[in-house]
Amino acid sequence: MPVLVIGATSQIGHFMLPRLVAAGQEVLALSRQAQARRQVAGVRWLQGQLPDAVPGLPPLDAVVSFGPLDGLGQWLSGLQAAPAPRVVATSSMSLASKRDSQVPAERELLARLANGEAGIAAQCQRLGMSWTLLRPSLIYGAGLDQSLTPIARRAARTRLFPLPAGRGLRQPVHADDIAQAVMACLQSDVAVGRTLCMGGGERLPAAEMFARVRDSLPFATVPVHLGRPLMRLVAALLPATRGPVSRLDADLVVDNSEFTEALGITPRPFRVDASMWGLGGEG
C-alpha cells in the first residue's frame, strides 16, 4: 500500500520522496498545484488541498504530513474510517521558543499549532490510528526555507550581507535529517503517541550562524553589521521583525536526547554550502 505525503513540495518533502522511493515504497504525493513535470518513479502526484477531500485515495500504509496541522486535523475529523494505520506529522519548536512572545501574529500562530497538535491526537484516537509528531527547530537545506535562504538570495542581488548582533544560541536542523526521522517513525512503533523535539547536531551563536551562511556564498559580499541599537530601531519601524529581534540574545535550542534515544538518529552539524540556498555556483 502507498504512503500519502501531504506537503510533498515542501523542503522536507524534497528529501522525503526520494527516501521513500529508495525504500521500495509506493508514494502518493499531494500538492495544491499540478505537478505534471515532476515525474519520479514510484511517485504519483495528486492535486488537492486539505481539509478538502483528497482525490482517488486507495487504502494507505501511512499518512505523512508536512503541511498545516489544523488542515490535517480537519480532514481527519471528516472521515468515518481511518485512511491509514498511522500518521507522522511535523509541528514546530516555535511552541517552546515563542511561548513568551508579545507579538500578536506569533501568539496566533502558537495557538494554531497547539490546537493542531491536540486535534490530530484526538482524531487519531477516534479513528484508531497511531500518531507521532516531530517538532523541528529552524529548518534549512533545500533552499525553500523562509529564514536563511531569503537572506542568502537577497545578498546575491545586492552583494550586501546583514550580520545581526546576537548572543543567543541556535540549532538549525537539516530538512533531510527530518525526513530520515520520519522514515524511522514509519518503520518502528517506538515513537507512537509521542511528540519529539528535534534540533540540529550543533549549537552555535546566532551571529556565527549568519556568518557561516555568508561564508558559504559563491561570491563576495560586503558585511553589514547590525548592532543592537539599530536592530531595536528596525523592530520599531517594522512590526514583522519584532519577534525575531527580541529573541536574538535568547537560546533557541533543543535537547535531542529523547529524540536520539527513541529513533537512533544524530542530526548533522551546521555545515553549509551555496546549494542549500538554491544558488549553485553563481558568481
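**Helix packing, a pocket and two backbone features**

Modeller: The loop between α5 (149-158) and β8 (160-164) holds R159. The model under discussion is a predicted one.

Colleague: What is the value of phi for R159?

Modeller: R159 is a residue other than glycine, and its phi is nevertheless positive. The residue belongs to the loop that links α5 to β8. The phi of R159 is near 60°.

Colleague: Which residue does a cis peptide bond join to L50?

Modeller: The omega of this cis bond is about 10°. The partner of L50 is found in the loop between β3 (43-47) and β4 (62-65). The residue joined to L50 is P51.

Colleague: Is α1 oblique or roughly parallel to α6?

Modeller: Two packed helices are described by the angle between their axes and the distance between the axes. Helix α1 (residues 11-22) and helix α6 (residues 175-187) have axes 8 Å apart and pack at an angle of about 50°. Angles under 35 degrees count as roughly parallel, and those from 65 to 115 as roughly perpendicular. Because about 50° falls in neither class, α1 is to α6 oblique.

Colleague: How many nonpolar residues does the contact of α1 with α6 have?

Modeller: On the α1 side, the residues are Q11, I12, F15, M16, R19 and L20. They meet A175, D176, I178, A179, Q180, V182, M183 and L186 of α6. By class, two residues of this contact are polar, two are charged, and the nonpolar ones number ten.

Colleague: Is the crossing of α2 and α4 left-handed or right-handed?

Modeller: The axes of α2 and helix α4 (residues 104-127) come within 8 Å and cross at roughly 25°. That angle is under 35 degrees, so α2 is roughly parallel to α4. The crossing of α2 and α4 is left-handed.

Colleague: How many charged residues are there in the contact of α2 with α4?

Modeller: From α2, the contact takes L69, D70, L72, G73, L76 and S77. From α4 come R112, L113, G116, E117, I120, Q123, C124, R126 and L127. These residues divide into seven nonpolar, four polar and, as charged residues, four.

Colleague: Which elements give two or more residues to the lining of the second largest pocket?

Modeller: The second largest pocket has a volume of about 420 Å³. Of its 18 lining residues, G7, R32, Q49, G67 and P68 are the closest to the centre. The lining comprises six nonpolar, eleven polar and one charged residue. The elements that give two or more residues to this lining are β2 (27-31) and α2 (69-77).

Key:
Residues are numbered from 1 along each chain as its sequence is written. This is a predicted model: local features need pLDDT of at least 70, side-chain atom pairs count only at pLDDT 80 or more; totals for chains, interfaces and linings use all residues. Side-chain values use heavy atoms; hydrogens and water are left out. Axes are lines fitted to C-alpha atoms, for helices over the stretch in contact, and angles run from 0 to 180 degrees between N-to-C directions. Helices (H or I, at least four residues) and strands (E, at least two) are DSSP runs, numbered from the N terminus. Angles under 35 degrees count as roughly parallel, over 145 as roughly antiparallel, 65 to 115 as roughly perpendicular and the rest as oblique. Contact means heavy atoms within 4.5 Å. Ala, Val, Leu, Ile, Met, Phe, Trp, Tyr, Cys and Pro count as nonpolar, Asp, Glu, Lys and Arg as charged, and the others, Gly among them, as polar. On a 1 Å grid over the protein atoms alone, a cavity is a set of points where a 1.4 Å probe fits but cannot get out, and a pocket is an open set with protein on both sides within 12 Å along at least five of seven lines; lining residues have an atom within 4 Å of a point. Grid points are joined across faces, edges and corners, and a volume is the space filled by probe spheres set on the points. A crossing is left-handed if the near helix is turned anticlockwise from the far one by less than a right angle, and right-handed if clockwise.
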